[in-house]
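Q: Please take a close look at one helix in this model and at how it is packed. A short account of the ligand site would also help.

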Amino acid sequence: MIYIVRLFIIVLIAMLMHGCSQGDRASVSQPPSQGLKEIFQEDFLIGAAISKMHIEESDAEAASVIEAEFSSLTPENEMKWMYIHPGVDSFYFDVSDQYLALAEKLDMHVVGHALVWHSQLAEWVEEVKDSAEMARHFEHHINTIVSRYKGRIDSWDVVNEALNEDGSLRESHFYELMGENYLEHAFKLAAAADPSAELVYNDYNMWKPEKRAGAIRMVKRLQESGAKIDAIGMQAHWSLVGPEIEDIEASILAYAALGVKVMFTELDVTALPNPWDLEGAEVSQNFEGSPYMNPYPESLPDSMQLKLAERYEDIFRLFLKHSDKISRVTFWGVNDGHSWLNNWPIKNRVNYPLLFDRAFQRKKAYDAVTKLKRK
Ligand code: G3I
């Protein structure tokens with residue numbers, strides 16, 4: 001009899017142990033796999049620049065990653081002057097209309113990029129030599145595009161890259177014909193055409209002290225003129241070793257002190273050497289085909305994956321530290337295969353600058369940044 005009672009007790013304990021572990025497992029079951037947008041939703045929007053192929057949804061894998069991971073979209077090229085206003089009196093809105101439709105279908109924060117930029121201009125713009133005529137085209141460009149999407153574009157990159165590295169104003173075609181007031185004119189036109197849109201000044205190397213000082217001067221001048229400027233976009237085309245976190249942080253603090261939001265609008269981290277890393281290299285020198293400049297044609301070694309992960313972890317640790325000042329972080333592309341950095345500054349290289357690899361798999365860098373939120 002005593003044997004049966006002992007056996008019963010052992011079985012009972014075993015069942016309780018099993019049930020408990022099941023219960024534990026049930027209570028610790030992981031939430032459904034969250035994307036970047038949920039993981040960072042209390043901190044800032046997480047966006048991606050998308051290309052025409054993504055806008056046309058011709059790549060199902062890309063489409064599912066875009067929907068699952070990002071809460072903001074930026075058109076990498078399709079709203080630039082050369083594409084959207086190709087002729088003096090002709091606009092081309094087919095692709096930008098598709099972009100808006102996709103972004104609204106996915107309930108995304110919608111960025112417009114970029115109303116005024118010295119690069120990727122339609123050829124006819126460069127041929128305008130008269131100031132009054134340039135002003136008319138400038139106004140027509142901004143009014144037509146911003147009015148068409150009034151209330152649908154959440155944030156406009158109004159002016160892109162108007163500063164030189166020393167903080168002086170770039171002597172672009174607009175500057176030469178309209179003077180420095182073209183900046184104020186652009187922001188005022190955009191605000192008048194769509195008062196609800198957030199208006200951004202966007203540029204690269206905005207961590208550099210001299211350029212930071214120039215940006216601060218420019219923003220203050222815009223504010224004193226009565227123009228509406230809501231944010232500064234730091235593009236963030238960075239490398240494994242630069243810029244220093246301290247320089248980025250100094251710019252976050254300095255721009256936020258102006259009363260504008262800070263955003264990182266074109267984040268990527270190149271894993272490859274660049275010509276200017278070479279002593280005496282001339283950037284225009286063609287390094288295409290150089291094995292030194294394309295060291296990982298097949299895949300990125302684990303050691304480099306770890307370096308990229310550590311760099312992204314340092315960057316996101318800083319972003320999270322100042323999430324009260326940062327409203328958006330946008331990656332300049334969806335996965336490594338689509339990055340502009342496979343062809344700049346040297347064509348036909350294999351680069352690895354983003355969080356998703358060419359098979360749309362999450363890289364070590366993805367885990368490194370999301371781990372910061374799981375602690
Ligand atoms: O559209 C043509 C296509 O018809 C042609 O077959 C193909 C082959 O040459 O070129 C296509 O145009 C390319 C365009 O991207 C669209 O893919 C241009 O050659 C190429 O120069 C252009 O590069 C873009 C670059 O801006 C132009 O400066 C990159 O994709 C884009 O990522 C990059 O983005 C800029 C931001 O807008 C502003 N901040 C800097 C950033 C990097 O330069």
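A: What follows describes helix H6 and then the surroundings of the ligand. The model is predicted.

Helix H6 covers residues 94-105, twelve residues in all. At 1.5 Å a residue, H6 should span 16 Å, and its end C-alpha atoms are 16 Å apart, so the expected and computed spans agree.

The buried residues in H6 are Val 95, Ser 96, Tyr 99, Leu 100, Leu 102 and Ala 103, where buried means under 20% relative accessible area. Viewed down the helix axis, the buried residues of H6 fall within an arc of 165°, and therefore they line one face of the helix. The cover over these buried residues includes three strands, S1 (45-50), S2 (72-75) and S3 (109-117). It also includes two helices, H3 (52-55) and H5 (81-84). After H6 comes Asp 107, which has a positive phi, near 55°.

The ligand is a separate topic. It is surrounded by 14 residues, and the closest are Glu 76, Lys 80, His 113, Glu 266 and Trp 332. Three of these side chains have listed polar atom pairs with the ligand. In the side chain of Glu 76, an N or O atom is 2.6 Å from a ligand oxygen. For the side chain of His 113, the distance from an N or O atom to an oxygen of the ligand is 2.8 Å. With Glu 266 the ligand atom is a nitrogen, 2.7 Å from an N or O atom of the side chain. Taken alone, the ligand exposes 800 Å², of which the protein buries 50%.

Definitions and conventions. Residues are numbered from 1 along each chain as its sequence is written. This is a predicted model: local features need pLDDT of at least 70, side-chain atom pairs count only at pLDDT 80 or more; totals for chains, interfaces and linings use all residues. Side-chain values use heavy atoms; hydrogens and water are left out. Helices (H or I, at least four residues) and strands (E, at least two) are DSSP runs, numbered from the N terminus. The expected span of a helix is 1.5 Å times one less than its number of residues. Buried means under 20% relative accessible area, exposed over 50%, partly exposed in between (1.4 Å probe, protein chains only). The arc is that of the directions from the helix axis to the C-beta atoms. Contact means heavy atoms within 4.5 Å. A residue is near a molecule or strand if one of its heavy atoms lies within 4 Å of it. A polar contact is a pair of N or O atoms within 3.5 Å; within protein, one must be able to donate a hydrogen and the other to accept it, and residues adjacent in sequence count only if both atoms are side-chain atoms. Accessible areas come from the Shrake-Rupley method with a 1.4 Å probe; for residues, only the protein chains shown count as cover.
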